[in-house]
Structure formats: C-alpha cells, structure tokens
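Please look through the structure shown here with its strands in mind. The paragraphs that follow take up one sheet, then one strand and its surroundings, then a pair of rings.

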Amino acid sequence: MANLVYKRVSTDQQSTARQNLVLDEAGIEDPVVFEEDPGTSSRLHPLQRPKFRELLTYARPGDTVHVSEMFRLVRGTGHILDVLDVLHRDQVALRIHDGAFSAMDLTARHPRTGELLSTVKFMMQTLAAAGELQRDLQRELTYDGLRAAEAKGSKGGRRPAVAADRAGAVRTAYLEGHSIAALARDHGVSRGAIRTAVADLLPEHTAADSGVPAPELPITLDMPGKVADFLRATELDDTERAVLDHGQAVRRGTGYTLRVTAMPALHRQLLNRCQNLDGAGAIPAQRKARREYANRVSSLGQ
C-alpha cells in the first residue's frame, strides 16, 4: 500500500514550504509525491489537473492520498464529492493532515448502501460553503477598498505623461532650477514623465553632445519577484543587500516586481548572481523571470 502525497500552490509566487512542514510532521513513510506546476488554480477541477490525474492513474486499491489541507485539493462542494466518489470507486483512502477536515473520516460509507455517510457529506458541504463565503467577503472588501480610494482621488495604474500643452512650462521651470521631484508633484505625473519631457536638458545628455563621456547615474529597473526572492536567499555583499532592501515592491496581479535603483554595474552584478535561475534545475517561471531581468539589464548597454 503506497502513500501518495499531493501538493499544489495557486500562484507561481507561492511555495510549498508550509505544506512540506505539515506533511513532514505527519511522518508519512516512503511518500510518492505528485506536485502540480506552480500557479495551478483551485478553480480548475481536481480531476482535470495533470498531476492529480497522474496520481489517480498511479494509485492502486488500498493506497492513501495525503494532503496538507483540504483546499490544496478542492474548494467547492461539488469538487469534494466528485473526488470522494472517484477515490471510493478506486478503493483509495484520503487523509487530510491539517485544518477542519483533519479530524474527519472522509471515506466513511454506509455499511449497506455504500453511500457517503450523510453526516460526513453535511460537514463537508458546510465547511466548503463557509470557505466560499470567506473568499466572497474578501473580494467584496477589496472592491469596496478600491472604490473608497477612487473617491479620495487615488487611481491605480501608471501615472500620466506630461501633456503637450504643459511641456513648455515644465521645461522652463526645470531650467529655472526646479527639481524633477518637485515638478512631478506639481504636475501630478511620475518623475520618469518629467525626465522624458526635459530629456535633452539633462546633464548626461549635454555631456554626450559635448563629446565628454557622461558619468554613470543610478538607473531604476523592475526586477521580477522570482529573481528578487532568489537573490534575498543568496549570499550578497552589503551593497547588493542594501539595494534590495531599499527596493519598492510593486504588485502585478498575484505576483510582484521589485523596483530597484542602482548603478548599471550593480544591476549587471545582481544579474550574474542569479545565473542558477537559468540552469537545468530551475522551474520555467524562474527561467522566464531571469530572462526578463537580463533583457532589462542588457538595455543599459556596457
């Protein structure tokens, strides 16, 4: 009889660390692990997920499926009953090791009819419905928060560029000594928008026109979250660590990027630190993240 372990995370920014801890504490003997690709959504029916289907194909009567928490396997009530029907058909047991379902015998059947016990079915439906209610409330609160922020004048997304009819005033103010930060605040745009409007007036542009090499200036690049997470777990020198610590996290859907300001040479140095993310042992999401950062660093030139 085999012990089949199933793991899943909903986004490629999450890890299975907590699941590993719960399952390790359970002391499962000789586990056979089936782990979904990062970012496998809970909305996808478990019976349609590649690794869980592979698990069912591998399973034999008498085997046990181990999951850290129920929501790693299923969320909706319909999904729960579908999975239990398949496991019962294949004579495979299910063991949940943490959470409300951990104290229940989910495979208990009526001795004569063979149907799932009504009390088990009721408890599963009730707990699953409570989970769905919690997620719905979270979505509603998020929406209300966004509405409240908009009412106060806060808008999401990228800040606008300098309007064509205001570009002249911005350039004049810059020549009079106004800082880029002050102009950005006064006109309600980003510093990058101001720099674009006065690009030919900047010191580095003037130096290039005169034939004198312009000194390197700090450059702000967006570092993918997977690259930032890898670097934080890597041995860095004090300067590299300080650059990451001062980076600004910018949410991108379920993930994030770290907005890092550093000298071009330091960006290239950080890129070299994460070469392992492009190696054979890296997952596709990590390789993609490093390539994105490499493309941004390469745009800085040599």
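Two strands count as paired if DSSP finds at least two bridges between them. In strand S7, the residue that partners Ala 249 through such a bridge is Leu 258. The model is a predicted one. Ala 249 and Leu 258 belong to the pairing of S6 with S7 (residues 255-262), which is antiparallel and comprises 5 bridges.

The sheet around this pairing is open and has 3 strands, in the order S5-S7-S6, with antiparallel pairing. Which strands stand at its edges? They are S5 (219-224) and S6 (248-252); each has a single partner strand, so one side of each lacks a neighbour in the sheet. On average, and with direction ignored, neighbouring strands here are turned by 30 degrees against each other. Helix H10, which spans residues 225-232, lies across S5 and S7. Relative to S5, H10 runs at about 90 degrees.

Strand S1 (residues 3-7) is the next element to consider. It pairs with two strands in parallel fashion: 5 bridges join S1 to S2 (residues 31-35), and 4 bridges join S1 to S3 (residues 64-69). In the pairing with S2, Asn 3 stands opposite Pro 31. In the pairing with S3, Val 5 stands opposite His 66.

Is S1 enclosed or open to the surroundings? Buried here means under 20% relative accessible area. By that criterion 5 of the 5 residues of S1 are buried, so the strand is largely enclosed by the rest of the structure. In a regular strand the side chains alternate between the two faces of the sheet. For S1, Asn 3, Val 5 and Lys 7 lie on one side, and Leu 4 and Tyr 6 lie on the other. The residues on both sides are buried, and both faces of the strand are thus covered.

One residue of S1 also takes part in an aromatic contact. A pair of aromatic rings is described by the distance of the centres and the angle of the planes. The structure holds 2 aromatic pairs, and one of them is formed by Tyr 6 and Phe 52. Their ring centres are 5.3 Å apart and their planes make an angle of 75 degrees. Because planes over 60 degrees apart count as edge-to-face, the pair is assigned to that class. Tyr 6 lies in S1 and Phe 52 in helix H2 (residues 50-58), so that the pair links distant parts of the chain, 46 residues apart. Both Tyr 6 and Phe 52 are buried.

Definitions and conventions
Residues are numbered from 1 along each chain as its sequence is written. This is a predicted model: local features need pLDDT of at least 70, side-chain atom pairs count only at pLDDT 80 or more; totals for chains, interfaces and linings use all residues. Side-chain values use heavy atoms; hydrogens and water are left out. Rings of Phe, Tyr and Trp (its six-membered ring) pair if their centres lie within 6.5 Å; planes under 30 degrees apart count as stacked, over 60 as edge-to-face and the rest as tilted. Buried means under 20% relative accessible area, exposed over 50%, partly exposed in between (1.4 Å probe, protein chains only). Axes are lines fitted to C-alpha atoms, for helices over the stretch in contact, and angles run from 0 to 180 degrees between N-to-C directions. Contact means heavy atoms within 4.5 Å.
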